[in-house]
Amino acid sequence: MRTLTFVHQNPHSFIDIYEDYAEGIKTHSSENWLIDYKLKYISQGKKSFEKYILKLIVENNIETIFFILDSEDLTFDIEFIKTLEKYCFIVMNFFDTEYFFEEVDRHYAQFADLVLLPDYNMKFVYELYDISAI
């Protein structure tokens with residue numbers, strides 16, 4: 001499986017959970033592109049960042065995109081994620097969804113093919129929106 005993983009690698013963080021998820025995805029992929037989405041977005045700007053991502057997906061025939069976003073993160077434009085769903089299977093991994101469901105997670109999740117959650121009980125909330133979650 002050819003995958004693209006969006007994660008922010010924070011060298012000052014004492015928690016490696018984001019990097020651990022990214023490593024697990026890389027291990028189970030035939031090819032994996034890992035992008036520190038915050039650094040790339042800041043260095044390129046919104047339009048160039050989105051253009052770069054689309055080009056990367058098309059040129060490398062990427063099949064699956066994993067979003068491992070910081071809790072409460074709104075870096076990605078919803079319309080851009082909607083565009084990505086035309087090209088790839090989208091997996092959203094949410095942390096702290098019990099706190100950020102209303103403000104962030106439910107909006108992004110509507111464009112995901114699969115949502116990964118740390119809290120089993122939140123699965124039922126996503127199901128109310130007809131969103132596949134485990």
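Helix α5, residues 97–109, gives the most to the lining of the largest cavity, with three residues. That cavity belongs to a predicted model, and the structure holds one cavity of 30 Å³ or more. Below, the notes go from the cavity to the sheet, then to the helices that lie across it and to a few single residues.

**The cavity**

- The largest cavity has a volume of about 60 Å³.
- Its lining includes a run from Leu69 through Asp70, Ser71 and Glu72 to Asp73.
- Asn93, Phe94 and Phe95 also line the largest cavity, as do Val104, Asp105 and Tyr108.
- By residue class, the lining divides into five nonpolar, two polar and four charged residues.

**The sheet**

- Five strands form an open sheet in the order β2-β1-β3-β4-β5, with parallel pairing.
- At the edges are β2 (31–36) and β5 (114–116), each of which pairs on one side only.
- On average, neighbouring strands of this sheet are turned by 20 degrees against each other, direction ignored.

**Strand β3 and its partners**

- Which strands does β3 pair with? Five bridges join β1 to β3, and five bridges join β3 (residues 64–68) to β4 (residues 89–93).
- Both of these pairs run parallel: β1 with β3, and β3 with β4.
- Thr64 has a bridge partner in each neighbour: Thr3 is matched with Thr64 of β3, and Thr64 is matched with Phe89 of β4.
- Further along β3, Ile68 has Asn93 of β4 as its bridge partner, and Asn93 is also one of the residues that line the largest cavity.
- Is β3 buried or exposed? Five of its five residues are buried, so the strand is mostly covered.
- In a regular strand, side chains alternate between the two faces of the sheet.
- In β3, Thr64, Phe66 and Ile68 are on one side, Ile65 and Phe67 are on the other, and all are buried, which leaves both faces covered.

**Helices across the sheet**

- Helix α2 (residues 37–44) lies across β1 (2–7), β2 and β3, and runs at about 60 degrees to β2.
- Helix α3 (residues 46–60) lies across β1, β2 and β3 as well, running at about 160 degrees to β1.

**Single residues worth a look**

- Val7 lies in strand β1 and is buried, with a relative accessible area of 0%.
- Along the chain, Val7 and Asp70 are 63 residues apart, yet their C-alpha atoms are separated by 8.0 Å. Asp70 is among the residues lining the largest cavity.
- Asn60 is in helix α3. Why does Asn60 count as buried? Its relative accessible area is 19%, and buried means under 20%.
- Setting aside residues up to four places away in sequence, Asn60 touches Arg2 and Trp33.
- Lys40 is found in helix α2. Lys40 counts as partly exposed because its relative accessibility is 23%, and the partly exposed class sits between the 20% and 50% cut-offs.
- The contacts of Lys40, again without residues up to four places away in sequence, are Ile35, Gly45, Phe49 and Tyr52.
- The C-alpha atoms of Lys40 and Leu56 are separated by 13 Å, with the two residues 16 apart along the chain.

Key. Residues are numbered from 1 along each chain as its sequence is written. This is a predicted model: local features need pLDDT of at least 70, side-chain atom pairs count only at pLDDT 80 or more; totals for chains, interfaces and linings use all residues. Side-chain values use heavy atoms; hydrogens and water are left out. On a 1 Å grid over the protein atoms alone, a cavity is a set of points where a 1.4 Å probe fits but cannot get out, and a pocket is an open set with protein on both sides within 12 Å along at least five of seven lines; lining residues have an atom within 4 Å of a point. Grid points are joined across faces, edges and corners, and a volume is the space filled by probe spheres set on the points. Helices (H or I, at least four residues) and strands (E, at least two) are DSSP runs, numbered from the N terminus. Ala, Val, Leu, Ile, Met, Phe, Trp, Tyr, Cys and Pro count as nonpolar, Asp, Glu, Lys and Arg as charged, and the others, Gly among them, as polar. Two strands pair if DSSP finds at least two bridges between them. Axes are lines fitted to C-alpha atoms, for helices over the stretch in contact, and angles run from 0 to 180 degrees between N-to-C directions. Contact means heavy atoms within 4.5 Å. Buried means under 20% relative accessible area, exposed over 50%, partly exposed in between (1.4 Å probe, protein chains only).
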